[in-house]
Amino acid sequence: MERITVFDTTLRDGEQSPGATMSRAEKVRVARELEGLGVDVIEAGFPASTLQEFQAVQAVAEAVQTCAVAALARATEEDIDRAAAAVTRAERPRIHTFIATSDLHLERKLRITRDACLRRVQQAVRRARTHVADVQFSAEDATRSDPSFLLRVVEVALEAGATTINVPDTVGHAHPAEFGELVGEVRRICPDDVTVSAHCHNDLGLAVANTLAAVEQGARQVEVTVNGIGERAGNAALEEVVMALEVLPRYRDRFRTQVVTRRIYRTSELVSRVTGIRPQPNKAIVGRNAFAHEAGIHQDGVLKDPATYEIMAPDVVGVPERRLVLGKHSGRHAVADRYRALGFDLTEEELARAYHALMELTERKKELHDEDLLAVYYGGTLLDVPKVFRLERLEVRCGTPPARADVTVRMAGERPVSAMGSGDGPIDAAFAALSELVPWHARLERFSLEAAGGGRDAVGEAQLLLRVEGHVFRGRGASTDVVEAAVLAYLNALDKAAHARTLEERALASVQLWGV
Ligand code: KIV
Ligand code: ZN
């Protein structure tokens with residue numbers, strides 16, 4: 001069996017999806033989850049882009065023990081030194097440097113000649129090697145590059161000391177047969193101890209097919225993101241590539257990854273909640289309907305033998321059975337146990353918060369399902385930041401326009417303050433009232449509301465992006481009352497803004513960046 005290295009770029013290319021920006025704490029949380037999932041390399045970010053990004057990559061490098069942690073760098077000294085500084089405390093640091101190699105990018109974007117490109121490749125890889133032994137080089141837009149120039153670039157990168165050569169289909173323009181051929185050519189000029197990698201975008205829906213074609217032609221690293229999130233149409237989806245290698249007879253006896261497949265679903269859930277990007281219902285492996293059998297004939301077949309219509313059992317990828325778990329009389333142990341079964345080991349404090357919130361919920365709905373536990377967890381139990389803003393009272397009037405809301409909020413250590421707002425609907429009115437109450441200028445950039453589970457008593461999960469004085473913060477809230485869920489999400493974003501300000505003030509008081 002040949003080992004395939006799984007290089008996860010959810011925290012870098014995935015984060016480039018519109019609106020998917022993650023805070024440092026969120027990146028660390030996702031990184032720990034990816035480590036538990038068994039990926040080999042976590043690309044944590046692009047440290048030269050902003051100070052926050054640099055610090056987030058540093059935090060991931062420190063948090064992760066078993067995986068290599070990669071930092072992305074353009075082929076410049078400054079970027080490479082910054083990337084090196086960010087991963088210096090990683091157990092297994094990797095620098096990933098890249099430059100475009102297609103004439104289109106060289107002429108129109110970088111405005112440099114092919115020779116200048118070759119010089120940049122050599123300098124960049126050499127510089128990266130002065131910092132770390134594990135250096136990955138990527139030829140951006142490889143699939144639209146002149147193949148003979150691409151091979152020359154690869155030779156230069158190898159001479160300079162690259163240990164992984166990545167072939168990106170940056171704009172998702174490759175055909176599987178052609179991409180496989182190109183990767184095969186790159187493989188042929190690389191020594192055995194150099195890994196060839198495939199990085200495919202999904203603009204034509206071919207990212208997974210192209211990645212598998214690359215594996216067939218000798219790629220031994222696959223670059224993927226959880227749920228396939230990423231720039232534009234996204235990247236090859238981790239769960240699809242991994243399960244294709246596991247399930248298809250063509251691959252299953254030849255290749256293996258070290259991904260713990262039964263953790264796929266919970267990782268997908270975490271990433272979708274953290275980024276606010278829910279997989280489409282029919283998304284392979286992790287979509288809501290991926291294991292739902294609707295047609296009578298199918299249901300009949302599955303009852304008689306699941307293999308009739310299921311190519312893998314849902315529990316192989318960790319999709320939980322929908323179960324009634326709790327009611328008013330359930331104890332704390334039952335709550336802790338069920339969270340554990342869903343993959344969450346709650347701290348004492350988290351358990352206390354979750355239990356309290358769930359018991360309150362049983363006043364409004366009799367039966368609690370896994371969806372409710374997850375909604376409560378992500379919408380309030382998860383201790384992502386200290387609580388600064390508390391909702392004391394919320395009253396709304398709607399039905400006859402304009403809607404009105406009367407909101408009272410208490411900021412830590414201060415007296416409660418109230419305001420009235422009006423708007424097109426109760427949520428708009430409540431947000432108008434909140435904007436009167438908060439000490440900063442806040443603008444709503446995105447808002448979504450989803451029911452967790454079916455039924456009229458379903459918990460509503462609200463997610464939003466709030467721009468507070470130039471920075472965007474994601475907020476989440478959950479409640480059977482959807483207006484309250486929205487208000488809690490708004491306050492959660494404000495808690496993050498308050499937390500970020502505290503960090504910023506501390507950082508200004510003592511600037512601590514590790515030098516190289
Ligand atoms: O798509 C791409 O070309 C990239 C590179 C930076 C590897 O993401
Ligand atoms: Zn990419």
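## The open antiparallel sheet

In this predicted model, strands E16, E17 and E18 make up an open sheet, arranged in the order E16-E17-E18 and paired in the antiparallel sense. Strand E16 (442-452) and strand E18 (471-479) occupy the edges, and because each has a single partner strand, one side of each is left without a neighbour in the sheet. From one strand to the next, the twist averages 15°.

The pairing of strand E17 (residues 459-468) with E18 is antiparallel and extends over nine bridges. Within this pairing, alanine 462 has glycine 477 of E18 as its bridge partner.

## The closed parallel barrel

Eight strands, running E2-E3-E4-E5-E6-E7-E8-E9, form a closed barrel in which the pairing is parallel. Here the twist from one strand to the next averages 25°. Helix H4 (residues 103-110) packs on the sheet, where it touches strand E5 (93-100) and E6, and the direction of helix H4 makes about 85° with that of E5.

Strand E5 is mostly covered, since seven of its eight residues are buried. Strand E4 (residues 68-74) runs parallel to E5 and is joined to it by six bridges, and leucine 72 finds its bridge partner in histidine 96 of E5. Elsewhere in the barrel, strand E6 (residues 135-140) and strand E7 (residues 164-169) also run parallel, joined by three bridges, with asparagine 166 in E7 serving as the bridge partner of serine 138.

## The zinc site

The zinc ion (ligand 2) is coordinated by Asp13 through OD and by His199 and His201 through NE2 in each case, at 2.0 to 2.1 Å. Along the chain, the donors of this zinc ion follow the spacing D-x185-H-x1-H.

Are the two histidine donors, 199 and 201, buried or exposed? Histidine 199 counts as buried because its relative accessible area of 5% falls under the 20% cut-off. Histidine 201, at 4% relative accessibility, is likewise buried.

## Helix H1

Helix H1 (residues 24-37) has 14 residues, which at 1.5 Å a residue should span 20 Å, and the distance of 20 Å between its end C-alpha atoms agrees with that expectation. The buried residues of H1 are Glu26, Lys27, Val28, Val30, Ala31, Glu33, Leu34, Glu35 and Leu37. An α-helix has 3.6 residues a turn, so residues three or four places apart point the same way. Just after H1 comes glycine 38, which takes a positive phi of about 100°.

## The nonpolar cores

In soluble globular proteins, nonpolar side chains tend to be buried together. The largest nonpolar core of this model has 122 residues, of which Phe137, Ile165 and Tyr339 touch the most other members. Helix H6 (residues 147-160) supplies the largest share of this core, nine residues.

Which residues does tyrosine 339 contact, leaving aside its neighbours within four places in sequence? Tyrosine 339 is in contact with Phe344, Leu346, Ala354, Leu358, Leu373, Val376 and Tyr377, once those neighbours within four places are set aside. Apart from the largest core lies another, of 32 residues, including Ala403, Ile427, Ala429 and Ala489.

Definitions and conventions. Residues are numbered from 1 along each chain as its sequence is written. Chains are lettered from A and ligands numbered from 1 in the order in which they are written. This is a predicted model: local features need pLDDT of at least 70, side-chain atom pairs count only at pLDDT 80 or more; totals for chains, interfaces and linings use all residues. Side-chain values use heavy atoms; hydrogens and water are left out. Donors are N, O and S atoms within 2.8 Å of the metal (3.2 Å for Na, K and Ca); water is not among the atoms, so sites may look incomplete. Buried means under 20% relative accessible area, exposed over 50%, partly exposed in between (1.4 Å probe, protein chains only). Two strands pair if DSSP finds at least two bridges between them. Helices (H or I, at least four residues) and strands (E, at least two) are DSSP runs, numbered from the N terminus. Axes are lines fitted to C-alpha atoms, for helices over the stretch in contact, and angles run from 0 to 180 degrees between N-to-C directions. Contact means heavy atoms within 4.5 Å. The expected span of a helix is 1.5 Å times one less than its number of residues. A nonpolar core is a set of buried Ala, Val, Leu, Ile, Met, Phe, Trp, Tyr and Cys residues joined through side-chain atoms within 4.5 Å.
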